[in-house]
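Please open the structure in the viewer and keep the sequence panel visible beside it. This tour proposes one selection at a time and describes what may be found at each stop.

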Amino acid sequence: MNRRFQIDRKYLPLLVTISLFIGLYAFGIVQYRGFSSPQVFFNLLIDNAFLLITSIGMTFVILSGGIDLSVGAVIAFTTVFSAYMLEELGLSPAIVIPTVLLCGVALGAVMGAIIHFFKVQPFIVTLAGMFFARGMCFVISTDAITISDPFYRAVALFRIPLFGKSFISINVVIVLVVLLVALYLAHLTRFGRTVYAIGGSEQSALLMGLPVARTKILVYTLNGFCSALAGVVFSIYMLSGYGLYTNGLELDAIASVVIGGTMLTGGVGYVIGTVFGVLIQGLIQTIIMFQGTLNSWWTKIVIGLLTLVFIGLQSVFSAQSRTRRAAAKKRTAPAAGAESGAIVDAAGR
């Protein structure tokens, strides 16, 4: 009876993340007046839409055992390049948006190919990608460029009414679509299964005949697309482009993935956990604002501590898993030895 209701240990990090979010939200409702308003929750999605999108892409990268430090710079580049094409060149959003998305896809594919075929560490390659994208921002413009395009402004101001006086923006709809596609890719496709296999053991994935090269390149390509899409969402949110936007956002994305329960070593984790990791960051910032403290560094301090705690939990779970596997091997070894002995004895007779 107990085994029937026993929780699989692989879900424990995810359950801890969800429980932490629920606990923090309950604390805010009890502690602060007005926190229970549904709009407070919807504002978490509206204000963190760009971080949600890029963190979902980062989840696939970390699941495969890699890392990407270029996402913040790619978002900034997307905002600057979009604003430049819209304002300086007078191009239509129908041309601008696909162009910047293709730029993100191309950069991600190039980094993925270098990582796999030249066997360079993802940290080094994506660091170079970060410097390239951030530098290109200032090649285009050293100043902020305000976006006055009617389409961008209409999308930025558009509100989708919900129950009561609550509403969400179009950016939240984009996030929900990206989330559904990511859940499908991660759990219902061969691509997703291969990503998990590569993160668990790339050598074993190769021995199983899985398309490791193609999948690794596709992972970074997907992340490049998510970063560029997050840049489009952020440029709509800010209605401007600037090379210093989202400085250090890659660390927020990595922290969200880790807090969401994904192992930094790869192979274990869930996209939905990353969503809760981002929401926890936004919730901490909201609580600090309700407290009346406007210093955003307190958010960074708390997120840093949470990241350390979750990395510690990951180490504990990994150690326990290794111990259980070793114990299982010891239990099966004598049985296998006895069976072999019986076979030899029977042959001798």
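**First stop: a loop residue**

Select Thr 246, which lies in the loop between β4 (240-241) and α12. Its phi angle is positive, about 50°, although Thr 246 is not a glycine. Is Thr 246 buried or exposed? Its relative accessibility is 11%, so Thr 246 counts as buried, the cut-off for that class being under 20%.

**The chain as a whole**

Now zoom out to the full chain. Please bear in mind throughout that this is a predicted model. The protein chain contains 14 helices and four strands. Of its 349 residues, 48% count as buried. Consider also the contacts between residues at least 6 apart in sequence: 77% of them join residues at least 24 apart.

Colour the chain by pLDDT if the viewer allows it. The mean pLDDT of the protein chain is 89, and 88% of the residues reach 70 or more. Then select residues 339-344, where pLDDT stays under 50. For this stretch the model has zero contacts beyond four places in sequence. Where pLDDT is low, the predicted coordinates should not be read in detail.

**A second loop residue with positive phi**

Select Lys 119, in the loop between α5 and α6 (122-140). Its phi is near 55°, a positive value in a residue other than glycine. Which class of accessibility does Lys 119 belong to? Lys 119 is exposed, because its relative accessible area is 61%, and the class begins over 50%.

**Along helix α6**

Move on to Val 139, whose place is in helix α6. Val 139 has a relative accessibility of 62% and therefore counts as exposed. Add Gly 243 to the selection and draw a distance between the two C-alpha atoms. Val 139 and Gly 243 are 104 residues apart in sequence, yet 9.5 Å apart in space.

**Helix α5 and a neighbour from further along the chain**

Next, select Leu 101, found in helix α5 (residues 93-117). At 15% relative accessibility, this leucine counts as buried. What does Leu 101 touch, leaving aside residues up to four places away in sequence? The residues touched are Phe 225, Ala 228, Leu 229 and Val 232. Gly 231 may be selected as well: from C-alpha to C-alpha, Leu 101 and Gly 231 are 9.0 Å apart, with their positions 130 residues apart in sequence.

**Inside helix α4**

Select Ser 82 in helix α4 (residues 71-88). Why does Ser 82 count as buried? The reason is that its relative accessibility is 0%. Show the residues around Ser 82: beyond four places in sequence, Ser 82 touches Val 96, Val 100 and Tyr 152.

**Between two helices**

Go to Thr 189, placed in the loop between α8 (170-188) and α9 (190-200). Thr 189 counts as buried because its relative accessibility is 12%. Display its side chain, which reaches the backbone oxygen of Leu 185 at 2.5 Å.

**The start of helix α1**

Select Leu 12, in helix α1 (residues 12-31). With a relative accessible area of 24%, Leu 12 is partly exposed. Then add Leu 313. These two leucines are 301 residues apart along the chain, and their C-alpha atoms are separated by 9.7 Å.

**Last stop: the largest pocket**

Finally, select Asn 48, Asp 252, Gln 285, Thr 299 and Lys 300 together. Of the 31 residues that line the largest pocket, these lie nearest its centre. Which elements give two or more residues to the lining? They are α2 (38-47), α3 (49-63), α11 (212-238), α12 (249-259), α13 (271-291) and α14 (297-348). The space in this pocket is about 880 Å³. How do the lining residues divide by character? There are 15 nonpolar, 13 polar and three charged residues in the lining.

Definitions and conventions:
Residues numbered from 1 in each chain as written. Predicted model: local features only at pLDDT ≥ 70, side-chain atom pairs only at ≥ 80, totals over all residues. Heavy atoms only, no water. Buried < 20%, exposed > 50% of the residue type's maximum accessible area, 1.4 Å probe, protein only. Contact = heavy atoms within 4.5 Å. 1 Å grid on protein atoms, 1.4 Å probe; cavity = no way out; pocket = protein on both sides within 12 Å on 5 of 7 lines; lining within 4 Å. Points joined across faces, edges and corners; volume = space filled by probe spheres on them. Nonpolar A, V, L, I, M, F, W, Y, C, P; charged D, E, K, R; others polar. pLDDT = per-residue confidence, 0-100. Polar contact = N/O pair within 3.5 Å; in protein donor to acceptor, adjacent residues only side chain to side chain.
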